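Let's take a friendly walk through a protein structure, one region at a time. Keep the view open beside the text as you read.

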Amino acid sequence: MTLPLVHLVPGPEGHGVVRHALGVHPHLGEVELLRCDRLDALAEGAVAGRVVVVQVTDRVLAASPDRALDAWRRVMRGAARVTVVLHDLPQRSDGRHRTARSELYAGLAASADAVVVASRHERLLLEAALRWARPDVAGAVLGRTRVVPLPVEPDPGALPPPGEGAAPPAGEGAASPTLSVVTLGFVYPGKGLEEVVDAAGRAALDPRLAGRAVEVVNLGGASQGHEDLLEQLSARARGAGVSWRATGYVPDDQLPGLLAAATVPVAAHRHVSASGSIATWLAAGRRPVVVGSRYVRELAGRLPGTLHVVAPDELSVTLADALAVAAAPDRPESTWLGGDVRLGPSWQEAGRELAEQAREPAVSVVVPYYRDQELLDLLVRRLAAQTGVHGGLELVVADDGSPHPPVLPTAQGSLGRVRLRRQPDEGFRLAAARNLGIGATTGRVVVLLDGDTVPEDGYVAALQQVCLDGPTLAVGRRRHADLRGGAPWPPVDELPSPGWLADGYARTQDLRAADDASFRFVIGAVLGVSRAVLDAVGGFDGRITGYGGEDWEFAWRCWLAGARLRHVPGAVAWHDGPDVAGRTDATGAGLAGVKNAETARLAGLLPHPLVRGRGWAHPQPDVVVTLDVGGWTRGQVVLAVESVLRQGDVGVWLLDRVGGDLDVPDGDGSTRGEASLHEDALRDLPPDPRIHLGRAPTEVLARARAELRVGRPVWVRRLPWDPWPQHVDVTGPPGRRCTDDPASGVQVSVTRRRGLARLQGGHPAPRWLPASEVETVPPDVVVEHWRASHP
C-alpha cells in the first residue's frame, strides 16, 4: 500500500527545530505535513500504518520529561516505519538533567528504524547516551544512524556587505557610532552569553576603539522559563562597561537587515551539538567568530573559510581586533564570507537524503537459499502478489554456498528491491545464512521464509500487522503440499500437518498464553519479528550447524528478551513436501534420529529442562548466581556457594569488590592469582565447572532465565521456584514470593521481566528473596557442623 510520507513536526511556531523542519519539508518529495504544538496532543496510533519521519527535541514531546517516552510510544504505535531526526542531543553541559535526557534519547533512537543527526559530533553524543542507557542495542542503533548536516545555503534575501550597493538600516552598522557584538537565537543558560559580555567589555578598553561605544545584542528573546537572564546579562554588561539587550522575536522580513548590520557576529556556545544560529550567519554571508569545540572544528573542516575559530581565552582579543577593523575608515570585510567560499548542503540536498532514509522498505523478507531455482521463482512470484503491505517490501536472498548463484528478477508487483547475499559452502548453515540476510535488511518488520516455503498473498501483511503492535516474535501457519512440476496454485492436495503443533497453539491460545516452554512452537520457516526484538537478541546463533535447533534457540532468547509470542493462523505459507515426521535426513535416520540430534545440539545453549533434562551440568546455566564475597571467610564462601548449587541448574560467579578478582583451584589443586580474602578463603572450593570468576558474560545472562545477586554471606534455603522448574517467575508459591525489602541481601532478577521493561524503555523494580528464605552464615562457622544441621 503506497501512501505519502508523513512528516511529523511537533513544536510551536518559531522554535528552531520547527523552522528547520518546515525549511526541509518542501524537499521531501510526496509528503504530508502533520503539525502539533506538542506530540502528546496527538491520538494513540496517529500514524499507524504510515511511513513517518519525525523531528524531535525533548521539549516538544510532552508536558513533563518523564512522560515524553510514553507519549512517543503511544503516538508511534502501529507506524509502518519510523525515521527520527534528533536535535539538541544530551551532553555534559546538561548537568543533573543529562541522565534523564540520555535515557529519553536512547529510547527514541532504539524505537526508530532510522536515526538522523546533524553532525558526527551529535552521533558521538548519541553513542554516549546509548552506551549508558541501552548498551544492549547500542551497536544496532548506531548502525542505522546517519549524519545529514544542517542545510547551509546562501539566503537569497540576504543583504550584501557594506559598500556593495546596500546600506544598513538607519541607526545600525557603519552609520552608527556604536559598534555591535551580536549573538543569535534564544537566551538560555550555558549558551556562552556571559562569556561574550565579559569579552566585549575587555575588548572595549582597546585604545583603537577610543570614542566608540560597544553594545552586545542578542537577536532573539529568552527561552521559556529563563526570562530572568535578560536583566542578569544587562547588569553584567553594565559592570563590564558595555551595554546589552535582547531584541525579542525578530520577524523574518527584518532578520536580513539585522544580520547584515552586526559589526561582529559571534557564537560562543561551547556545548552546541549542531548550530542553527551559525548556519543562519553563514546563509547571510557572515563569517562569525566562534569559540572552538568538537562540533565547530567539524563544521570548519567541512566548510573551509566560513568560521573564525578561537579558543575561549582568545575571544576578547579577537573581538577587539574585529571591532577595530570595522571601525577603520576603509572597513575591510573580515567578518564577511569571501567569494570563493562554498556552503552546503542545500535544503534540497538535505531533504533528498532525509527522504531516502525515510523511504527504505518497511518490511524485509529474508529467504535462505541452496540450489533450488524452481521454488525460488515460485516464491518470488508470490511475494510480488502480496497484498495489504504498508510501506514497501524488499527481498534479501541469502545463498548458503550454492555452486552457482540464483537468478533473481528485478522489482515487480508489490515486491520492490531484490538483493542477493552469499556465503561460502561450509555445510548446512541455515542460522548463519539467515543472519547474513537479516544484516542487509532495513524493515521495521523482518519476515523469514525458507526457500522451500511459498506464501499465500496475505502472508506478509498478516505478520506485519501483529509485529507492528508491539515487540513481537510471530509465527505463521505452515501447510504442506507438493509444489513442484507445475502444481496448481494454491495447492489442492494438502499433505498432513503435525498435530502436536496444532495442539500447542490451541493450548496456548495462539501463544497469547505462552510460557517458558512455548519456544517449541516457533518455526523459523514462517516467522515474523519486530526490529526491536532483533536488536535485543542480535539474530540467530550462527554457531549452530546441521539440521534443526536454530529456531528454538532463537525463540528462547526472544522470549527472555521480552518479546510477545504470537501464532498468526491467517499468515499461511506452503512447504514443499511433508513435515519432518514424514521425511528422513541424509543419513537415512527417521524422526527419532533427527530430533535426538537436534536435542543434543541445543542442550549446551538452551537450559530449559525439556531440552537438557535434569541433573546435567553445562557451561550455560539456567540460573546465574553472582556472589559478592569480598571480606567473607572461607566457611562463609563454601556454604553460600553450596546452598545455591542445591537449587538446580545453577552457575556461580564470584566477585570480590574489596580486593579484586578471585581465583579458584585448578584441577591439580594449585591456585592462580591468590584472592584477597583473609586466610585464603577459597582454598576449600572444589574444581567445580559450575564455579567461575568475575562477572557472568552477557551471552550467558541472555540465555539464563534468572540471576541472583548475593550481597552478604547467607545460606539460601530455597528460591521462588523449585529446582529445574518448567517456568521461572518471582511470583512463586504462597509464602515464597519475592519482596521489595532488601533485608535478605539476595536480589532476584527474572530475565524475561527485565527484557519486558527494557523493550518498553523502563527498568523493573528490584525484587528480593524474603528474609525468611535465607539464614546468615557467621564468620567463624564450622562447615561440618553447619552441614549436619542443614541436611
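The report below visits a covered strand, a set of salt bridges and a mixed sheet, all in a predicted model.

## A strand with neighbours

Start with strand β14, residues 393-400. Is this strand mostly covered or mostly open? It is mostly covered, since eight of its eight residues are buried. In a regular strand, side chains alternate between the two faces of the sheet. In β14, one side carries Leu 393, Leu 395, Val 397 and Asp 399, while Glu 394, Val 396, Ala 398 and Asp 400 are on the other. Both of these faces are covered.

Now look at the strands that pair with β14. Strands of a sheet pair through backbone hydrogen bonds, and they do so in a parallel or an antiparallel way. Strand β13 (residues 363-369) pairs with β14 in the parallel sense, over seven bridges. To find one of these spots, look for Pro 368, whose bridge partner in β14 is Ala 398. Strand β15 (residues 415-423) also runs parallel to β14, and seven bridges join the two. Here Asp 399 has Arg 422 of β15 as its bridge partner.

How does the chain get from β13 to β14? Helix α13 (residues 373-384) belongs with these two strands to a β-α-β unit, and that unit is right-handed.

## Salt bridges

How many salt bridges does a search of the whole structure find? The count is 48. One of them links Asp 94 to Arg 101, with the closest N and O atoms 2.7 Å apart. Arg 101 has a relative accessible area of 12%, so it counts as buried.

Another salt bridge brings together the side chains of Arg 429 and Glu 426, at 3.6 Å from N to O. The two partners make a nice contrast: Arg 429 is buried, with a relative accessible area of 14%, whereas Glu 426 is exposed at 53%.

A third example to look for is Lys 595 with Glu 598, where the closest N and O atoms are 3.1 Å apart. Both residues sit in helix α19 (residues 591-602); because they are three residues apart, about one helical turn separates them. Lys 595 is partly exposed, at 28% relative accessibility, and Glu 598 is buried, at 7%. Elsewhere, salt bridges that share partners join Asp 541, Arg 543, Glu 553, Arg 557, Glu 699 and Arg 703 into one network.

## A mixed sheet and its helices

The last stop is an open sheet of six strands with mixed pairing, in the order β24-β23-β22-β25-β27-β28. Why do β24 and β28 each have one side without a neighbour in the sheet? β24 (691-693) and β28 (767-768) stand at the edges and have a single partner strand each, so one side of each is left free of a neighbour in the sheet.

Within the sheet, strand β22 (residues 623-628) runs parallel to strand β25 (residues 706-710), and five bridges join them. Try finding Thr 626, which stands opposite Arg 709 in β25.

Helices pack here too. Helix α21 (residues 634-645) touches β22, β23 (650-655) and β24, and its direction makes about 155° with that of β23. Helix α23 (residues 751-759) lies across β25 and β27 (746-750), running at about 65° to β27.

Definitions and conventions. Residues are numbered from 1 along each chain as its sequence is written. This is a predicted model: local features need pLDDT of at least 70, side-chain atom pairs count only at pLDDT 80 or more; totals for chains, interfaces and linings use all residues. Side-chain values use heavy atoms; hydrogens and water are left out. Buried means under 20% relative accessible area, exposed over 50%, partly exposed in between (1.4 Å probe, protein chains only). Helices (H or I, at least four residues) and strands (E, at least two) are DSSP runs, numbered from the N terminus. Two strands pair if DSSP finds at least two bridges between them. A crossover is right-handed if, with the strands pointing away from the viewer, the path from the first strand over the helix to the second runs clockwise. A salt bridge is a side-chain nitrogen of Lys or Arg within 4 Å of a carboxyl oxygen of Asp or Glu. Contact means heavy atoms within 4.5 Å. Axes are lines fitted to C-alpha atoms, for helices over the stretch in contact, and angles run from 0 to 180 degrees between N-to-C directions.
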